[in-house]
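Student: Please take a close look at one part of this model, side chain by side chain. Give the cut-off for each term as you use it.

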Amino acid sequence: MTVSIPFDNTYVSLPDGFYTRHTADAASHPELLAFNTQLAQDLGITGYDDTEALAQIFSGNLVPEGAAPLAQAYAGHQFGSFNPRLGDGRALLLGEVVAQGQRFDIQLKGSGRTPYSRGGDGRAWLGPVLREFIVSEAMHALGIPTTRALAAVATGDTVYRERALPGAILTRVATSHLRVGTFEYFAARRDYDNLRRLYDYAVQRHYPDAKDPTEFLTHVIDRQIDLVSRWMGIGFIHGVMNTDNCHVGGITIDYGPCAFMDGYSAQQVFSSIDQYGRYAFGAQGNIIMWNMAQLATSLVPLMPDQDDAIDTFTTLIHAMPDAFNAAWLRVFAAKIGISNPTETDRAMIDDLLSLMEHDRADFTNTFFALRLGSARDQFINRDAYDAWHIRWRDRIKDLSDANAVMAQANPWIIPRNHQIEAMITDAVAGNMGKFVHLAHGLAAPFTENPAFADLANPPTADQIVHATFCGT
Ligand code: AMP
Ligand code: MG
């Protein structure tokens, strides 16, 4: 049986200005490294036991029937400065499938140069491909809206990133690849016909009930606030929340220098290129407001009265800090077992986080241990923790209710940077054992399982990863 993907493409029907039709570069010796059979099944893909065919398709060597490969155009503010033309410089949309009432993009990442590549080589190396595979699937299992990983293929070609590295391609699946930067692309060109078409397309795909750009913007803001507050609740740092990496459907997209925190620090930055901490852990709530302001600006030309639109949108953006703080409170209150937080609970959460920050207590393990009654062990300054614990127990009326809330909010394991780095080192040497172990363990991150006990270990001093690199 041959591989069959039930493509049903719509983006390719948009005007030429939205994309460039393009095919992938050939891969010399494609080898399938990982394939997400459950996701394939959910997408209605059949014949996926033919691994040879999968390697050919997901390396871009073979264009599957029904695919219409293209590179999408978009712009974006990168670290605050506007680039009017980014686009898929190393990615290709193969096409879309409809499954379970939802439309999904299937995209190759690392498949060679496109008209949007600028100085880049259009390729990816094994490390970032496997990192995105593990982290995006872990995010999904953690209940965070995200792109998914369908396949990882080694190309057999060499990619140069300061040194020679094995090339690879990730196939990712997303509810779309519409970014704030896609809107900026047409708005900046004053191409309002296509801006309107993009808007109509995005409404249909993400918010079919939105009656006008104001409702559309309101939806995107709500989803982004929800998303970023949830990121923070699991200690996730995106690392490059540029507007081209900010999805209008509110899913996590573009895992570059992303990382999960080990020891808690609000100022934690991982990206080697984020010198000023623009995208630090604790700055993520602010940056989402900044990004939404860029989306709002791009939507103004679609409104009948521009001055009114500016007033209305400004009001929406100005309401974001309160909305974000409320979402943050809900997320962090759940982490200490409170499902209906009041403002007075905020101080208790802040105080715990301060103690954690002071002692660099492990973010994941501290919250997980709270339910077990052993959080104290995570602290150096145990007297201070004990005092907090007494306050907390006073607030919690029913411990078993609180434990049930915490069980949903506090994962046992997350993809830790040092484990991912060790996995990549092994994979480069041809050993995929750690990859398989991480993928299996992280599929059920809330449940303690002795088979994956090693995944709960924070890094030792010499294992700490201080920066993840954009060299994707
Ligand atoms: P990112 O920082 O990964 O979101 O990418 C920002 C922009 O750079 C996008 O337009 C990418 O397509 C482009 N880009 C990143 N890496 C490469 C590469 N190796 N070759 C070509 N374009 C790239
Ligand atoms: Mg990007």
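Tutor: Cys-246 has a relative accessible area of 0% and is therefore buried (buried means under 20%, exposed over 50% and partly exposed in between, with a 1.4 Å probe and protein chains only). This is a predicted model, in which local features need pLDDT of at least 70 and side-chain atom pairs count only at pLDDT 80 or more, while totals for chains, interfaces and linings use all residues. Residues are numbered from 1 along each chain as its sequence is written, chains are lettered from A and ligands numbered from 1 in the order in which they are written, and side-chain values use heavy atoms, with hydrogens and water left out.

The structure holds 0 disulfides (a disulfide being a pair of cysteine sulfur atoms within 2.5 Å). Cys-246 is accordingly in none, and the nearest cysteine sulfur, on Cys-258, is 16 Å away. Cys-258 is buried too, at 3%.

Next to Cys-246 in numbering is a metal ligand. Asn-245 (OD1) and Asp-254 (OD) are the protein donors of the magnesium ion (ligand 2), at 1.9 to 2.1 Å. Donors are N, O and S atoms within 2.8 Å of the metal (3.2 Å for Na, K and Ca), and water is not among the atoms, so sites may look incomplete. Asn-245 is buried at 7% relative accessibility, and Asp-254 is buried at 12%.

Salt bridges come next. The structure holds 21 of them, each a side-chain nitrogen of Lys or Arg within 4 Å of a carboxyl oxygen of Asp or Glu. In one, the closest N and O atoms of Glu-132 and Lys-109 are 2.8 Å apart. Glu-132 sits in helix H3 (residues 126–141) and Lys-109 in strand E7 (residues 102–109), 23 residues apart; helices (H or I, at least four residues) and strands (E, at least two) are DSSP runs numbered from the N terminus. Both Glu-132 and Lys-109 are buried.

Arg-416 and Asp-362 also pair, at 2.8 Å from N to O. Arg-416 is in the loop between helix H13 (399–409) and helix H14 (417–428), and Asp-362 in the loop between H10 and helix H11 (363–372), so this salt bridge ties together parts 54 residues apart in sequence. Arg-416 and Asp-362 are buried.

The metal site and the salt bridges meet at Asp-254: salt bridges with shared partners join Asp-254, Lys-109, Glu-132, Arg-172 and Arg-179 into one network, and Asp-254 is also a donor of the magnesium ion.
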